[in-house]
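Good morning. I will go through one protein model today, starting with its loops and ending with its overall form. Please have the structure open as I speak.

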Amino acid sequence: MSSAKVLFIGGTGIISSAASAIAISRGMEVTLLNRGSSRRDQPEGAEILTADIEDAAAVDAALGSREFDVVVDMIAFTPDQVQRDIDRFEGRTGQYVFISSASAYQKPVSRLPITESTPLRNPFWQYSRDKIACENLLNEAYRESAFPVTIVRPSHTYDKWSLPFYGGWAVVDRMRAGKPVVVHGDGTSLWTLTHTDDFAKGFVGLFANPLAYGDTFQITSDFVYTWNEIFGIMATAAGTAADIRYVTSQAIEAAAPETAGQHLGDRAHSVVFDNAKIKALVPDFRAVIPFHQGAREMLDWHDANPSLQVIDPYYASLFDRLTA
């Protein structure tokens, strides 16, 4: 039996870097189609094709008439982008995997834990509404023409490159300088953080799996933390303590309009997930990396690479204002 041919559109992000590496380790033939501009190393053993997915002529030249067992689009966010993929890959792939978002679930959530059948409705965040619209389009394509879609809803997935709070390194720098840091609400809402290596095991287990066609799966960790705990764990990993100042989500979004919806439509709400469905279909999926281990990995990586310790002056000023 030949190995599965997998195309990642993107392939160098938080989720896709680990997933492509695991796919290669399992004997899959992995091709990455991207602009070649990522700071991350391309996974060894992958075929690299350079093209911007928005440039149809460049993609045609890169892919030709090739067919794939699995196409995974990591960078489709709007219905127009999804329709582009349907038009391009219908009849050319055995499975199309779409990355949706757990932020698409109703906010506020009516009951916990969240399952795949929890209603989708987010009036606060356009990003989430766009993901819902993408899912609707793909489900219609599956019903009408058997387009072989699998929808995956991650929650907050991270790796050593990605700090878990808005503002990035500015937050760590404030902690180490003894300055106050901003936590939304009272810091007691529950949040799920999933290490990308854990996520990838469940994710790749869906590839070329006929039982996943036409279906939706959430893949998250079973480790759950309050935001107070998350900031405390990060401070400990940074060798310091967190001087937390609480600010309402409404006040944060009013002061930082570019974050509109990210708090009121996501982080302000407790999210606890039931992973029974992915565990039933991918028996080897199990989240084993707790956040205190992931936090240490993040800080070690950033401390070893000073070029990553970028402090955005906008956030430095914002945090000063919010904590004044």
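Helices, of at least four residues, and strands, of at least two, are DSSP runs, numbered from the N terminus. With that numbering, P113 can be placed in the loop between β5 and α4. Keep in mind throughout that this is a predicted model.

Let me stay with that loop for a moment. The peptide bond leading from L112 to P113 is cis, with omega near 0 degrees. P108 is also placed in the loop between β5, residues 96–99, and α4. The bond from K107 to P108 is cis too, and its omega is near -5 degrees.

Next, two backbone angles. A146 has a phi near 60 degrees, which is a positive value in a residue other than glycine. You will find A146 in the loop between α4 and β6. Its relative accessibility is 52%, so A146 counts as exposed. A208 has a positive phi as well, near 55 degrees, and again the residue is not glycine. The loop that holds A208 runs between α6, residues 196–204, and β10, residues 215–219. A208 counts as partly exposed, because its relative accessibility is 34%.

Now to the charged side chains. How many salt bridges does the count come to? The count comes to 14 salt bridges. I will take three pairs from them.

The first pair I picked is E135 and R153, whose side chains meet in a salt bridge at 2.8 Å, N to O. E135 lies in helix α4, residues 126–145, and R153 lies in strand β6, residues 149–154, so the pair ties together parts that are 18 residues apart in sequence. Are these two residues buried or exposed? E135 is buried, with a relative accessible area of 1%. R153 also counts as buried, at 4% relative accessibility.

The next pair is D303 and R176, which form a salt bridge with their closest N and O atoms 3.0 Å apart. Which parts of the chain does this pair tie together? D303 sits in helix α11, residues 291–304, and R176 in helix α5, residues 169–177, so the pair ties together parts that are 127 residues apart in sequence. D303 is partly exposed, at 34% relative accessibility, and R176 is partly exposed at 37%.

The last pair is D243 and R245. Their salt bridge has its closest N and O atoms 3.3 Å apart. D243 counts as partly exposed at 30% relative accessibility, and R245 does so at 33%.

Salt bridges also form a network here, and E54, D73, R84 and D85 are linked in it.

On to the aromatic rings. The structure holds 16 aromatic pairs. One of them is Y314 with Y315: the ring centres are 5.2 Å apart and the planes are at 80 degrees, so the pair is edge-to-face. The cut-off behind that step is that planes over 60 degrees apart count as edge-to-face. What about accessibility for these two tyrosines? Y314 is partly exposed, at 32% relative accessibility. Y315 is buried, with a relative accessible area of 16%. The cut-off for buried is under 20%.

Elsewhere, ring pairs link F8, F199, F203 and F207 into a cluster.

Rings can also have a charge over them. The charged end of K160 sits over the ring of W301, 3.7 Å from the centre of that ring. Likewise, the charged end of K277 sits over the ring of F217, at 5.1 Å from the ring centre.

Finally, the protein as a whole. There are 12 helices and 12 strands in it. The C-alpha atoms fill a box of roughly 60 × 45 × 40 Å, taken along the principal axes. What radius of gyration would a compact globule with 324 residues have? It would be near 20 Å, and the protein has 20 Å, which agrees.

Of the 324 residues, 53% count as buried. The accessible surface of the protein comes to about 13600 Å², and 52% of that belongs to carbon and sulfur atoms. Among contacts in the protein with a separation of 6 or more, 76% are between residues 24 or more positions apart. The salt bridge of D303 with R176 is an example of a pair whose parts are far along the chain, 127 residues apart in sequence.

That is what I have for today.

Note on methods:
Residues are numbered from 1 along each chain as its sequence is written. This is a predicted model: local features need pLDDT of at least 70, side-chain atom pairs count only at pLDDT 80 or more; totals for chains, interfaces and linings use all residues. Side-chain values use heavy atoms; hydrogens and water are left out. Rings of Phe, Tyr and Trp (its six-membered ring) pair if their centres lie within 6.5 Å; planes under 30 degrees apart count as stacked, over 60 as edge-to-face and the rest as tilted. Buried means under 20% relative accessible area, exposed over 50%, partly exposed in between (1.4 Å probe, protein chains only). A charge sits over a ring if NZ of Lys or CZ of Arg is within 6 Å of the ring centre and within 35 degrees of the ring normal. A salt bridge is a side-chain nitrogen of Lys or Arg within 4 Å of a carboxyl oxygen of Asp or Glu. The radius of gyration is taken over C-alpha atoms; the globule rule is 2.2 Å times the number of residues to the power 0.38. Contact means heavy atoms within 4.5 Å. Accessible areas come from the Shrake-Rupley method with a 1.4 Å probe; for residues, only the protein chains shown count as cover.
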